[in-house]
Amino acid sequence: MLTSPEGVRPIKREWLHRAPSAVHIGAADLPFVDIGGGNLLRVLQVFPSENIWVTENVFQAGFESPMHMHTGSVWGHTFSGAWKYLESDFVNRAGSFLFEPASSVHTLQILENDTRVRWHIHGANLNLDAEGGIASIVFGKARLDTYWQLCEEQGHGRPAVMVL
């Protein structure tokens with residue numbers, strides 16, 4: 001008999017077939033699209049009802065995002081290259097893992113070509129103007145719509161992003 005991690009509640013084998021199956025996305029299943037300047041984006045997963053979105057970027061040196069604030073937490077995993085926030089002293093490099101709490105404010109700056117980062121985002125990005133006012137809002141469904149539009153414009157059709 002299988003048991004819970006605490007070892008007190010049995011997990012019956014017949015329940016296992018009722019559990020949802022895993023969803024797999026292969027490395028080549030979702031294309032990257034060019035968002036300008038050789039910088040690339042792909043959207044892996046979006047939960048519109050919970051405003052959770054998972055994206056991956058490949059950035060080129062010199063790319064800089066607008067200063068922005070997150071309404072929820074963000075996790076970032078760097079696979080290659082180097083980047084930082086203008087407001088921070090640390091540099092994220094291959095293997096770095098970053099947690100950003102809700103309400104963090106920063107400006108992304110890419111230091112090396114082919115900097116690849118995967119983001120797991122809860123909530124929206126509030127892009128800020130020079131006075132700290134909200135210039136624009138980006139949320140998961142909006143990012144997905146932009147991705148699909150760029151996919152179609154760049155000849156990739158409409159890929160099967162995981163939307164739950």
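In the predicted model, the side chain of Thr-115 reaches the backbone nitrogen of Ala-82 at 3.0 Å. Thr-115 belongs to strand β13. Its relative accessible area is 0%, so Thr-115 is buried. Leaving aside residues up to four places away in sequence, Thr-115 touches Asn-57, Val-58 and Phe-59. The contacts of Thr-115 also include Ser-80, Gly-81, Ala-82, Trp-83 and Ile-110.

Strand β13 spans residues 115-122. In a regular strand, side chains alternate between the two faces of the sheet. The two faces of β13 can be listed separately. Thr-115, Val-117, Trp-119 and Ile-121 make up the covered face. Arg-116, Arg-118, His-120 and His-122 make up the uncovered face. Arg-116, from the uncovered face, has 28% relative accessibility and therefore counts as partly exposed.

Strand β13 pairs with β5 and with β7. With β5, the pairing is antiparallel and comprises 8 bridges. Here Asn-57 stands opposite Val-117 of β13. Asn-57 is also one of the residues that Thr-115 touches. Strand β7 covers residues 74-80. It runs antiparallel to β13, and 6 bridges join the two. Trp-75 has His-120 in β13 as its bridge partner. His-120 lies on the uncovered face of β13, whereas Val-117, opposite Asn-57, lies on the covered face.

Salt bridges were examined next. The structure holds 5 of them. One forms between Arg-42 and Glu-56, with the closest N and O atoms 3.2 Å apart. This pair links distant parts of the chain. Arg-42 sits in strand β4, residues 39-47. Glu-56 sits in strand β5, residues 52-59. The two residues are 14 apart, and both are buried. For Glu-56 the relative accessibility is 1%, which is under the 20% limit for a buried residue.

Glu-56 has a further partner. Its side chain meets that of Arg-116 in a salt bridge, at 2.4 Å from N to O. Glu-56 lies in β5 and Arg-116 in β13, so this pair ties together parts 60 residues apart in sequence. The strands that carry the pair, β5 and β13, are also joined by backbone bridges. Burial differs between the partners: Glu-56 is buried, while Arg-116 is partly exposed.

Another salt bridge lies within a helix. Asp-145 pairs with Lys-141, and their closest N and O atoms are 2.6 Å apart. Both residues belong to helix α2, residues 140-153. They are 4 residues apart in this helix, so about one helical turn separates them. Asp-145 is partly exposed at 36% relative accessible area. Lys-141 is partly exposed as well, at 34%. Elsewhere, salt bridges that share partners join Arg-42, Glu-56, Arg-116 and Arg-118 into one network. Arg-116 and Arg-118 of this network both come from the uncovered face of β13.

The surface also carries a nonpolar patch. Ile-134, Ile-137 and Phe-139 form it, with about 290 Å² of accessible area together. Phe-139 lies in the loop between β15, residues 134-138, and α2. Phe-139 has 37% relative accessibility and so counts as partly exposed. Helix α2, on one side of this loop, is the element that holds the Asp-145 and Lys-141 pair.

Conventions:
Residues are numbered from 1 along each chain as its sequence is written. This is a predicted model: local features need pLDDT of at least 70, side-chain atom pairs count only at pLDDT 80 or more; totals for chains, interfaces and linings use all residues. Side-chain values use heavy atoms; hydrogens and water are left out. A salt bridge is a side-chain nitrogen of Lys or Arg within 4 Å of a carboxyl oxygen of Asp or Glu. Buried means under 20% relative accessible area, exposed over 50%, partly exposed in between (1.4 Å probe, protein chains only). Patches are made of residues with over 30% relative accessible area and no salt bridge: like charges are joined within 9 Å, nonpolar side chains (Val, Leu, Ile, Met, Phe, Trp, Tyr) within 5 Å. Accessible areas come from the Shrake-Rupley method with a 1.4 Å probe; for residues, only the protein chains shown count as cover. Two strands pair if DSSP finds at least two bridges between them. A polar contact is a pair of N or O atoms within 3.5 Å; within protein, one must be able to donate a hydrogen and the other to accept it, and residues adjacent in sequence count only if both atoms are side-chain atoms. Contact means heavy atoms within 4.5 Å.
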